[in-house]
Amino acid sequence: MCDCKDEKGKALDAVLDEYGRDKGSLIGILQKTQDIYGYLPADVIYSVAAQTGTTPAKVMGVATFYTQFRLEPVGKYLIMLCKGTACHVNGSDRIEAAITNELGIQNGQTTEDGLFTLKNVACLGCCSLSPVMMINEETFGSLTPDKAVGILNDLRNRKEEQA
Amino acid sequence: MRVIVGEGSCGIAAGAGKVYSALEEILNGGASFELGITGCIGMCFLEPIVDIYDGEDLAARLVHVSAEDAERIAEAAQSGSFAGIRDLVIAEDDASFLSQQTRIALRNCGIIDPTDIESYKARGGYQALEKVLKTMTPEEVIEVIKVSGLAGRGGAGFPTWFKWNAARDSKGEEKFLICNADEGDPGAFMDRAVIESDPHNLIEGMLIGAYAIGASEAIVYVRAEYPLAIIRLENAIKQATEAGIIGDNIMGSGFSCKFRYMAGAGAFVCGEETALIESLEGKRGMPRLKPPFPAAAGYQMKPSNINNVETFANVAWIINNGGEAFAAMGTEGSKGTKVFALTGKVRSGGLVEIPMGATLRHVIFDIGGGIRNDKKIKAVQMGGPSGGCIPESLLNTVIDYKALSATGAIMGSGGMVVMDETTCMVGMARFFLDFTSKESCGKCVHCRIGTRRMLEILTRIVEGNGQEGDIELLEELCNAIKDGALCGLGQTAPNPVLTTIKYFRDEYEAHIIRKQCPAKECVNLLRYHINPEKCKGCTMCAKKCPVQAISGEVKNPHEINQNLCIKCGQCITLCKFDAITAE
Amino acid sequence: MSEIRIIIDGKECIGNQGDTILQIAEKNGVYIPTLCNDESVAHYGACGVCLVEGEGLPKLMRSCSTVVSDGWVLHTDSERVLKARKVALELLMSDHDGDCKGPCSLTCPAGTDCMAYVKEISKGNYHEAVRIIKDKFPLPASIGCVCPHPCEKECRRQYVEAPVSIAYLKRFAGMRDLEKDTWTPEIAPDTGKKVAIIGGGPAGLTAAYHLRVKGHAVTIYDAMDKMGGMLRYGIPEYRLPKEILDAEVKLIEDLGVVMKNGVRIGEDMTFEEIRSSADATILAIGAWESAKIGCAGEDAEGVIGAIEFLRRNITGDPYDIGDNVAVVGGGNAAMDACRSAIRLGAKNVHIIYRRTRDEMPADDEEIEESMEEGVAYDFLTNPVQIVSENGHVKEIKLQVMELGAPDASGRRSPIPIDGQFVVLPVDTVISAIGQRINAKGLDVELNQKGVIVVEEDTFRTNLRDVFGVGDAVHNKTGIAIEAIGDAVRASEVVDSFLKGELKPFKAPFVSIRKDMEKVKAELADREKVMRIQVPKRPAEERKHDFKDIVIQLTDEEVQNEAKRCLECGCHDYGECNLIKCANCQEICPDRLRGEYHPGFVETKLVTIERNQKKCIMCSLCVRTCDEVAQQGILGLVGRGFTTVIKPEFNDPATIAVCKDCHKCADICPTGALKIIG
């Protein structure tokens with residue numbers, strides 16, 4: 001077993017300690033667990049269930065109820081495309097079409113290179129800037145299809161530069 | 001002078017962060033002005049916004065600022081001469097967006113530094129709490145709230161004092177006061193703005209409420225999609241705890257109250273109070289059967305009171321100014337002010353707080369500046385997925401719980417999405433049903449399967465496969481779901497469908513019978529066409545068409561292959577000669 | 001506890017403080033349907049089926065969880081309640097991807113529960129199989145011999161390789177049951193009501209059986225010497241050995257049914273005499289006359305109807321047919337006629353049929369076997385003239401036909417080819433192109449074709465106490481099992497009539513899977529097991545006698561064949577609360593047809609098969625596992641429409657955790673959970 005796994009395991013222990021291994025704090029525990037792993041791996045769900053005195057079925061129930069939780073790893077950039085009312089009225093469907101066209105993925109999917117994951121979300125609350133998307137907590141507003149594609153290209157280039 | 005950058009989520013998205021960094025760099029380079037931040041002033045259409053204060057006075061409000069403007073702004077702030085930034089100063093028309101408002105819940109937003117408790121205190125913050133703790137009994141607090149006529153701002157409009165009183169009367173050692181900050185209505189963002197811009201106001205209102213009902217713990221359930229609000233709330237809780245405002249023996253009064261927040265994890269239904277409680281308990285957010293009501297058995301089956309952010313944001317003001325002052329505003333049945341998130345096809349979108357009793361037309365045209373691009377208004381959507389679309393003919397309806405309900409819409413939490421002639425009303429209903437069906441928790445049959453079936457019917461209508469009888473079928477489903485669904489989400493899910501059928505039945509019929517979309521929005525019912533008279537053969541559209549459906553020789557009229565066309569609309573946007581039309 | 005009184009649907013109900021509406025209703029015998037409630041677990045409120053309306057109360061209430069207040073006036077059947085409940089049930093059924101009954105059973109005109117009896121046969125429980133069959137009709141072995149088995153045509157096993165041999169299995173079970181320990185039904189106490197049945201064929205016998213079982217005194221009047229009708233006088237011995245029929249008729253007689261043979265209406269007794277002797281009369285006279293060919297010269301000697309021809313053979317008075325026989329027609333009567341002619345020694349037997357083999361209504365197997373026995377087929381020919389010599393047929397002139405364009409029904413009509421004829425030398429022409437009804441002496445309303453007119457869902461004639469079933473009430477002659485189907489339904493109606501309130505027959509609502517492509521895909525990787533071939537005596541041997549042509553299979557072979565059944569129907573039908581509720585008011589889920597929630601069948605819990613496609617998300621299993629079994633193995637996964645119930649996902653340890661208590665399967669209101677071990 002590699003060290004990194006141990007480190008993550010320790011971090012998980014710390015999270016469980018922080019919440020007193022209380023199943024009433026399951027959502028908070030899972031949020032922080034996801035911060036550690038990037039998603040919720042099956043064995044971790046088991047471990048959380050055992051440690052909080054509940055069953056895997058119950059943890060799985062919570063993990064699949066809330067859209068924030070992911071059971072699969074996501075790309076480096078998580079594109080959260082707002083599908084709120086204002087964004088809808090101002091053409092978010094076209095932004096989605098441009099993104100899916102550019103990246104070749106549909107909502108919920110990750111690009112093969114592991115760079116982008118597209119996720120449609122309910123309102124991000126930036127309605128005045130609609131249409132809006134949020135990429136790793138950075139918000140981009142007043143999008144047009146071209147602008148959205150431009151932002152993706154910038155991120156792609158950023159990665160290439162780093163490489 | 002002080003240079004204050006508006007750093008709400010919208011401002012940051014528009015580039016406020018970069019503006020701030022640029023100014024900070026100049027400041028670090030030895031310039032002499034003060035730099036600070038504030039929250040959201042609510043004029044989202046002008047973001048990023050930078051205010052220059054001379055002492056306590058606003059000397060200039062600059063709009064649509066970019067990082068490149070930083071030098072000029074710094075220069076002006078140091079010299080006191082604004083000649084170099086005249087082009088950035090807000091136009092008079094735009095300034096009237098704010099001047100026509102009456103701000104109570106938003107009174108500090110965009111003015112104070114939300115990250116600094118002192119900034120809040122400087123505007124009278126926590127004086128109401130002190131007054132309550134030191135001079136009033138819980139019953140007196142409830143009486144003041146009763147006199148104010150404050151009603152739940154989350155949507156239902158239930159009298160706040162009544163809920164507080166019920167929770168107070170409920171037997172139990174331990175009670176909880178919960179703030180519903182799971183602002184899930186797409187198109188509403190006033191709660192986010194309050195938490196981001198004035199978190200202490202929320203904390204103060206909640207502590208007053210906690211005192212009134214006798215709660216020993218106050219909890220904010222806040223949407224996970226609001227990362228900045230969470231950061232600012234967390235910071236504010238820390239500061240208030242350090243200042244002895246949260247915790248044991250607050251302000252030496254003997255009243256103790258713990259305070260924490262919990263981030264939601266992405267489920268609209270958690271805005272329903274019993275689902276929120278389930279979620280707080282670490283479970284799937286599935287609504288409980290009522291009764292028992294939360295006032296009797298809520299969080300951990302103990303007496304609990306739940307109000308939304310805006311409700312609490314009014315409380316400190318009411319204590320300071322008296323219930324009568326609040327009740328002096330508004331209509332017979334709806335007191336005080338209401339905050340709206342004005343968005344959509346309106347020219348000036350943002351946060352609008354006005355006394356109840358104003359007309360919708362006043363909000364949209366006088367404050368919001370009317371419709372963008374001189375198009376014609378068709379309707380305004382209020383109340384999000386639980387609300388409805390109010391047509392242009394009813395824009396003189398006043399803002400009042402009863403009056404709005406009479407239209408088939410609801411006051412709701414305050415989302416107000418304006419739609420013009422290019423918005424398809426069937427598409428709008430479909431949009432909301434798509435939302436509610438995805439957000440349905442899946443517990444009760446009427447909502448789980450019913451919203452799905454409504455979505456399927458609406459989808460076939462917008463795709464041109466509507467059948468005669470679909471409208472009646474939708475109506476029948478709507479009525480049964482209203483009656484049969486378990487919680488508020490399901491019971492109100494039919495509203496967007498019912499109101500659009502009520503006011504825009506002709507649009508439904510056009511889709512179903514004539515297979516036409518009058519708003520020209522439903523792509524399956526459209527055909528794109530190039531007018532050979534107007535086309536100059538610039539080849540722009542052909543180059544950009546993602547599916548190579550456009551062909552033609554240079555300088556000759558082009559044509560669209562209807563079999564290939566995916567109706568993405570890019571060509572229309574691109575064409576400089578208005579040669580392409582959708583029919 | 002203090003007593004409270006409320007009114008539900010006008011009935012005063014008494015209960016205790018703290019009772020829910022459902023509890024108080026139950027105590028007072030008022031039925032309120034519910035699907036997600038059980039007293040062993042906490043209220044949940046998911047199904048929305050138990051909604052009731054209270055006078056002066058704004059919202060509909062869930063009776064499972066609403067605690068009553070004294071003095072409430074409630075309605076379980078107000079328009080508003082019925083509408084909300086209707087939609088709830090329609091929504092549930094529109095998302096319930098399961099079959100209540102197998103397509104075999106749904107196709108069987110008598111509604112026989114084929115899947116259930118085939119399952120019993122697979123276990124060697126022949127008497128139990130017969131009990132299940134006799135729930136519908138009293139002639140399993142006889143019908144097993146003769147039935148053209150529409151059930152097999154719909155059998156889904158054909159998507160794997162070939163249908164299950166349902167008809168043969170029935171014959172086998174029926175015969176085994178007759179050998180010893182024959183199953184007999186319980187007879188209800190005498191009702192004092194009398195039923196007269198005119199006609200002792202399959203329909204008459206079936207009606208007699210059911211009405212006798214229900215306790216009525218039944219008398220059958222029949223013109224022939226023995227009971228059995230067309231089964232006896234129309235079906236040759238080689239297909240249905242009469243000792244089988246005799247045994248089954250005797251069982252009916254043993255139940256106390258009075259059988260009066262040799263009674264001709266209008267000759268031996270009048271219709272009025274019979275009618276006035278009973279409280280209800282059922283006409284089951286069949287269709288006993290052959291239709292005319294409709295060509296010149298058919299009045300000649302040597303031209304005979306198939307019905308008369310077959311009857312004379314069977315009654316020991318065979319018709320002298322000569323060497324050359326032409327049988328006109330393509331149905332099963334034509335088959336019986338041509339194969340009988342072969343057995344009587346004719347050298348050349350021709351089937352004259354104006355279409356092609358593909359259009360022939362006769363059973364494929366019959367056509368095949370007749371060919372083996374030497375019958376020649378003249379397809380696309382139609383008699384235009386029968387030529388006689390000395391008053392006796394000599395030859396038959398046939399118009400040559402071709403198939404034209406398909407008509408509205410998709411069937412290609414034959415059209416004559418101008419000028420093309422063939423001539424066939426014949427000694428006998430047997431007309432097998434249809435049957436006619438002879439309702440002589442029956443003073444009831446007939447239509448233009450001479451068919452007895454009955455009301456569709458009550459089987460009642462124009463006379464209030466006279467009913468009609470079988471071939472006599474249909475414009476087109478049917479098969480035995482269709483006549484039996486009439487009798488099954490009509491006996492329920494007649495029973496209700498005798499009890500004082502005539503209730504029209506209404507087919508129960510059942511869930512039927514609509515997406516056949518999905519069904520086929522699910523069967524794609526089934527292991528193929530060949531259908532058993534029922535052995536027949538060699539053609540060369542059998543064509544010389546009228547003895548049974550079938551060679552009995554062994555028990556093992558039969559049971560293995562029965563095991564091929566895919567069990568398409570639901571194990572829970574009969575106890576299913578969902579279908580019970582779905583039948584408590586008129587619903588039409590088809591109008592809400594849409595996507596089904598995702599789901600598949602799996603057996604992760606040790607001895608429980610979970611079919612998510614049938615799950616209605618009432619969550620009773622989850623709650624039982626949590627609250628009663630205290631295991632927490634089951635959970636809801638996902639949200640909204642796509643939610644499914646799963647045991648601990650991909651967990652090998654589930655096997656160790658699940659205690660096999662079966663509480664989840666026991667409480668499931670529908671057939672989503674099935675105990676398999």
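Here's a quick briefing on chains A, B and C, from the domains of chain B to the contacts between chains. Keep in mind that the model is predicted. Chain A touches 47 residues of chain B through 38 of its own, and chain A also has 10 residues in contact with 13 residues of chain C. Chain B is split into domains, and chain C has 677 residues.

**Chain B: domains**
- Going along chain B, the domain assignment puts domain 1 at 2-99, domain 2 at 117-326 and domain 3 at 337-420.
- After those come domain 4 at 425-512 and domain 5 at 527-582.
- If you look at domain 4 and domain 5 of chain B, their C-alpha centres sit 36 Å apart.

**Chain C: overall build**
- Chain C carries 23 helices and 25 strands.
- Along the principal axes, the C-alpha atoms of chain C fill a box of roughly 100 × 60 × 55 Å.
- Half the chain is tucked in, with 50% of the 677 residues of chain C counting as buried.
- Take the contacts in chain C between residues at least 6 apart in sequence, and 69% of them join residues at least 24 apart.

**Where A meets B**
- This interface brings together 38 residues of chain A and 47 residues of chain B.
- On the chain A side, the elements giving two or more residues include the helices α2 (26-37), α4 (56-65), α5 (85-89) and α6 (92-103).
- Strand β4 (138-140) of chain A is another element on that list.
- By class, the side of chain A that touches chain B has 19 nonpolar, 16 polar and three charged residues.

**Where C meets A**
- Here 13 residues of chain C are in contact with 10 residues of chain A.
- Strand β23 (residues 634-637) of chain C gives the largest share of the chain C side, with four residues.
- The side of chain C that touches chain A breaks down into six nonpolar, four polar and three charged residues.

**Inside chain A: α3 against α4**
- Helix α4(A), one of the elements at the chain B contact, also packs with helix α3 (residues 42-52) of chain A.
- The angle between α3(A) and α4(A) is about 120°, and their axes are 8 Å apart.
- The crossing of α3(A) past α4(A) is right-handed.
- From α3(A), the contact uses A:I45, A:Y46, A:V48 and A:A49.
- The partners from α4(A) are A:P56, A:K58, A:V59, A:M60 and A:A63.
- Sorted by class, this contact of α3(A) with α4(A) has eight nonpolar residues, no polar ones and one charged.

Terms used. Residues are numbered from 1 along each chain as its sequence is written. Chains are lettered from A and ligands numbered from 1 in the order in which they are written. This is a predicted model: local features need pLDDT of at least 70, side-chain atom pairs count only at pLDDT 80 or more; totals for chains, interfaces and linings use all residues. Domain bounds come from an automatic or database domain assignment. A residue is buried if 20 or more other C-beta atoms lie within 10 Å of its own, exposed if 12 or fewer, and partly exposed in between; C-beta atoms are placed from the backbone. Two residues are in contact if their C-beta atoms, placed from the backbone, lie within 7 Å. Ala, Val, Leu, Ile, Met, Phe, Trp, Tyr, Cys and Pro count as nonpolar, Asp, Glu, Lys and Arg as charged, and the others, Gly among them, as polar. Axes are lines fitted to C-alpha atoms, for helices over the stretch in contact, and angles run from 0 to 180 degrees between N-to-C directions. A crossing is left-handed if the near helix is turned anticlockwise from the far one by less than a right angle, and right-handed if clockwise.
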